[in-house]
Structures are given as C-alpha cells and as structure tokens.
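Here is a walk through one chain, taken strand by strand and contact by contact. Keep the viewer open and follow along.

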Amino acid sequence: MEIKQFEDKHLSHFSYAMYSNCASEIILVDPARDAQPYLDYAKEKEARITGVIETHAHADFVSSHLELHRATGATIYVSKALGARYPHQGFNEGQHIEFGKIRMTAIDTRGHSPDGICVLVEHDGKKTSLFTGDTFVIG
C-alpha cells in the first residue's frame, strides 16, 4: 500500500491516491481540477484508477471527478446527502470499499457540510490512516 499526497498550493488543497500494489488499483480522494497528475501517477504505477471519493461538496474548487470517471471508468463515491445528479455510488456510514489488502470505510461527519464524510483506511486489517475531508484541519 502507498498513499501519495498531491498539493495545489494556490488553493491550499491536498488530494490523495491510495495505491494497492497487489491489486494494481488506485482510489483517489478529493482530486483537484487537473486530472493529469493522477493519470500520470497511475501510468507510473502501471495501475488502474478504479474509484474517486469526494469527502464533501467542494465550493472552493472544481474537482476532476467527472473527467476521471469518463477517462478511466472509475466509480465516483459520494455521500447520499449530496444529492448528486451525475453517475455515482452512495458512500455513507459503515459502507466499505475493498481492493487488494485495503479497506476504506465511510464515517458520516456532517458539520463542515451536510454531506461530509471521513474515510478510515485499513491495510491488512490494521487501521493506518484517516482522510478527514476538512472536518479536521491541522495548523
């Protein structure tokens, strides 16, 4: 398992790629508008982008989730509270995404936005990371 962080310094925005080497799959969390860095990373890893998770509606920037969906066929995962009108799968409290030895679990965290979720990451049964989607900001 590898977690790669991407930074858009102009927006003070971070996004992430969860890479499973045993499955050769990548799931992205909160991708920025420019899809190319994620596509380049997938090519570098010889992996497929199979999912994109939006932790909340991002009023401060435009995401590349739809472009990535069209380019790769990746499933877009969002909270049902978002009411999205584009192709997606609901991802809410207790639901899981599993690929390789990675399990990602949604935790509803309404507050910053009504559709907010955090994503708990487990690798090989061990809790390793938490994507907070702006519900918890360091600094």
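Start at Glu122, which sits in strand E9 (residues 117-123). Keep in mind that what you're looking at is a predicted model. Glu122 is buried, yet it has no salt bridge. Which side chain of opposite charge is nearest to it? That would be Arg103, 4.6 Å away, and since a salt bridge here needs the nitrogen within 4 Å of the carboxyl oxygen, the pair doesn't make the list. Leaving aside neighbours within four places in sequence, Glu122 is in contact with Lys101, Ile102, Arg103, Thr105, Lys127 and Thr128.

Just past the end of that strand, look at Asp124, in the loop between E9 and strand E10 (126-131). Asp124 isn't a glycine, but its phi is positive all the same, at about 55°. With a relative accessibility of 55%, Asp124 counts as exposed. Now compare Asp30, in the loop between E3 and H1. Asp30 is another residue other than glycine with a positive phi, near 55°. Is Asp30 buried or exposed? Buried, at 7% relative accessibility.

Next, the sheet. Six strands make an open sheet in the order E1-E2-E3-E4-E5-E6, and the pairing is mixed. E1 and strand E6 (89-90) stand at the edges with a single partner strand each, so one side of each has no neighbour in the sheet. As you trace the strands, remember that side chains in a regular strand alternate between the two faces of the sheet.

Begin at the E1 edge. Strand E1 (residues 2-8) pairs with strand E2 (residues 13-20) in the antiparallel sense, over seven bridges. Asp8 has His13 in E2 as its bridge partner. Four residues lie between the strands of this hairpin, and Ser12 takes a positive phi there, near 50°. For the parallel sense, move over to E4 and strand E5 (residues 75-78), which pair that way over three bridges. There you'll find Ile53 opposite Tyr77 in E5.

Now for the charged pairs. How many salt bridges does the structure hold? Five, and three of them are worth a stop. One joins the side chains of Lys45 and Glu2, at 3.1 Å from N to O. Lys45 belongs to helix H1 (residues 36-45) and Glu2 to strand E1, so this salt bridge ties together parts of the chain 43 residues apart in sequence. Both ends are partly exposed: Lys45 has a relative accessible area of 22%, and Glu2 has 28%.

Another salt bridge brings together the side chains of Arg48 and Glu25, at 3.7 Å from N to O. Here the link runs between strands, with Arg48 in strand E4 (residues 48-53) and Glu25 in strand E3 (residues 25-29), 23 residues apart. The two ends fall into separate accessibility classes: Arg48 counts as exposed at 53%, whereas Glu25 counts as buried at 17%.

Then there's Arg33, which forms a salt bridge with Glu67, their closest N and O atoms being 2.7 Å apart. Arg33 lies in the loop between E3 and H1 while Glu67 lies in helix H2 (residues 65-72), so the pair ties together parts 34 residues apart in sequence. Arg33 is partly exposed, with a relative accessible area of 44%, and Glu67 is partly exposed too, at 35%.

Last, the rings. The structure holds four aromatic pairs. One of them is Tyr16 with Phe131, a tilted pair at 5.0 Å centre to centre and 45° between the planes. Tyr16 is in strand E2 and Phe131 in strand E10, so to speak two distant parts of the chain, 115 residues apart. Phe131 is buried, with a relative accessible area of 7%.

Elsewhere, Phe6, Tyr38 and Tyr41 form one aromatic cluster. Phe6 has a charged companion as well: Lys4 lies over the face of its ring, at 5.3 Å from the ring centre.

Key
Residues are numbered from 1 along each chain as its sequence is written. This is a predicted model: local features need pLDDT of at least 70, side-chain atom pairs count only at pLDDT 80 or more; totals for chains, interfaces and linings use all residues. Side-chain values use heavy atoms; hydrogens and water are left out. Two strands pair if DSSP finds at least two bridges between them. Buried means under 20% relative accessible area, exposed over 50%, partly exposed in between (1.4 Å probe, protein chains only). Lys and Arg count as positive and Asp and Glu as negative; His and the chain ends are not counted. Contact means heavy atoms within 4.5 Å. Rings of Phe, Tyr and Trp (its six-membered ring) pair if their centres lie within 6.5 Å; planes under 30 degrees apart count as stacked, over 60 as edge-to-face and the rest as tilted. A charge sits over a ring if NZ of Lys or CZ of Arg is within 6 Å of the ring centre and within 35 degrees of the ring normal.
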